[in-house]
Amino acid sequence: MGNDGGSIPRRNEMVREKKQDEKTDRKTQLIAMNYFCALSKQPLREPVVGDMLGRLYNRESILEYLLNPTVFGDGAKICNIKGLKDVKTLNLRANPAYTTSQTTKRPVQTFDDQPTAPFVCPITRKEMNGNLGFEFVWTCGCVVSTQARKEMAESNQCLVCSGPVDSKDMVPINSQNSEVLDLLRKRAKERALETKKGKKVKTKRKHVDEPDVSNTRSSVSVLDKNTKARKTVA
């Protein structure tokens with residue numbers, strides 16, 4: 001084995017190479033998630049929506065999926081979207097240096113040289129290409145880089161539209177952290193419960209505010225009888 005001039009790789013070298021390959025695969029996947037719709041695998045183009053876990057989709061793909069859940073094959077495994085209430089239309093800042101040809105000419109899996117990202121942070125102008133963390137506000141849909149939020153003074157207002165923001169409304173985009181994803185699922189359930197309670201309160205208030213028609217009719221009937229009685233006496 002040693003006469004052919006070759007060498008036998010050591011175990012630690014094989015492990016190192018395997019970890020490097022896994023790291024490269026994760027990076028490629030993360031980059032792709034910021035360029036392509038999670039459902040259709042087509043380049044992201046506005047209007048773009050985000051789900052409760054921070055996954056990105058073309059809005060038209062979501063509409064197609066809701067009309068026909070089998071249109072994208074494994075769509076049910078990719079997302080858990082039951083209606084448009086489960087996604088938020090995002091307020092993205094387009095990158096003027098981006099052209100769709102940069103992504104359409106290559107498959108999702110190949111990103112040896114990283115193309116220009118379609119969107120940038122409106123504050124730092126950094127590209128949303130998977131190398132930096134980005135997040136959006138569930139209430140208003142505005143998208144900013146995590147770096148921008150951390151560098152700005154702490155505030156309860158959106159950095160883009162100045163709307164009210166709660167820390168629970170921040171959704172990291174394409175997070176790969178299982179703990180973060182579990183937290184986002186928990187927040188989504190809490191948000192759904194709050195919405196459900198809000199609807200019940202509105203329904204209850206509506207019933208309270210509505211006049212009692214039966215009593216009103218009875219009152220009118222009594223008034224009519226009194227009026228007739230006065231006419232007869234007269």
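**Reading the strands, the core and the cysteines**

Tutor: Three bridges connect β6 (residues 134-137) with β7, and these two strands run antiparallel. The model is a predicted one, in which local features need pLDDT of at least 70 and side-chain atom pairs count only at pLDDT 80 or more, while totals for chains, interfaces and linings use all residues. Residues are numbered from 1 along each chain as its sequence is written, and side-chain values use heavy atoms, with hydrogens and water left out.

Student: What makes β6 and β7 a pair?

Tutor: Two strands pair if DSSP finds at least two bridges between them, and three bridges join β6 to β7, so the pair satisfies the rule. Within this pairing, Glu135 stands opposite Val144 of β7.

Student: Why is β6 called a strand, and what does its number refer to?

Tutor: Strands (E, at least two residues) and helices (H or I, at least four) are DSSP runs, numbered from the N terminus. β6 covers residues 134-137 and therefore qualifies by length, and the protein chain has seven helices and eight strands.

Student: Which strands are the edges of the sheet that contains β6, and what makes them edges?

Tutor: That open sheet has three strands in the order β7-β6-β8, with antiparallel pairing. Its edge strands are β7 (143-145) and β8 (170-172), each of which pairs on one side only. From one strand to the next the twist averages 30°, where axes are lines fitted to C-alpha atoms (for helices, over the stretch in contact) and angles between N-to-C directions run from 0 to 180 degrees.

Student: How do you know that β1 pairs with two strands?

Tutor: β1 is joined by three bridges to strand β2 (residues 56-58) and by three bridges to strand β3 (residues 87-89), and both pairings are antiparallel. Gly50 stands opposite Leu56 in β2, while on the β3 side Val49 stands opposite Thr89 and Asp51 stands opposite Val87. The result is an open sheet of three strands in the order β2-β1-β3. Its edges are β2 and β3, each with a single partner strand, so one side of each has no neighbour in the sheet. β1 and β2 also form a hairpin with four residues between them, and Gly54 in the turn has a positive phi of about 85°.

Student: Why is Lys88 called partly exposed?

Tutor: Buried means under 20% relative accessible area and exposed means over 50%, with partly exposed in between (1.4 Å probe, protein chains only). Lys88 has a value of 23%, so it falls in the middle class. Lys88 lies in strand β3, and beyond its neighbours within four places in sequence it is in contact (heavy atoms within 4.5 Å) with residues including Val48, Val49, Phe136 and Trp138. In β1 (residues 48-51), by contrast, Val48 and Gly50 point one way, Val49 and Asp51 point the other way, and all are buried.

Student: What makes a group of residues a nonpolar core, and which residues have the most contacts inside the largest one?

Tutor: A nonpolar core is a set of buried Ala, Val, Leu, Ile, Met, Phe, Trp, Tyr and Cys residues joined through side-chain atoms within 4.5 Å. The largest has 30 residues, and those with the most contacts inside it are Leu39, Tyr57, Met128 and Val143. At least two residues come from each of β1, β2, α2 (59-67), β6, β7 and α6 (178-209). Not counting residues up to four places away in sequence, Met128 touches several residues, among them Leu56, Phe134 and Val143. In soluble globular proteins, nonpolar side chains tend to be buried together.

Student: Why do Cys140 and Cys142 not count as a disulfide?

Tutor: A disulfide is a pair of cysteine sulfur atoms within 2.5 Å. The closest cysteine sulfur to that of Cys140 is in Cys142, 3.7 Å away, which is too far for a bond. The count by this rule is zero disulfides. Cys140 is partly exposed, at 25% relative accessible area, whereas Cys121, at 0%, is buried.
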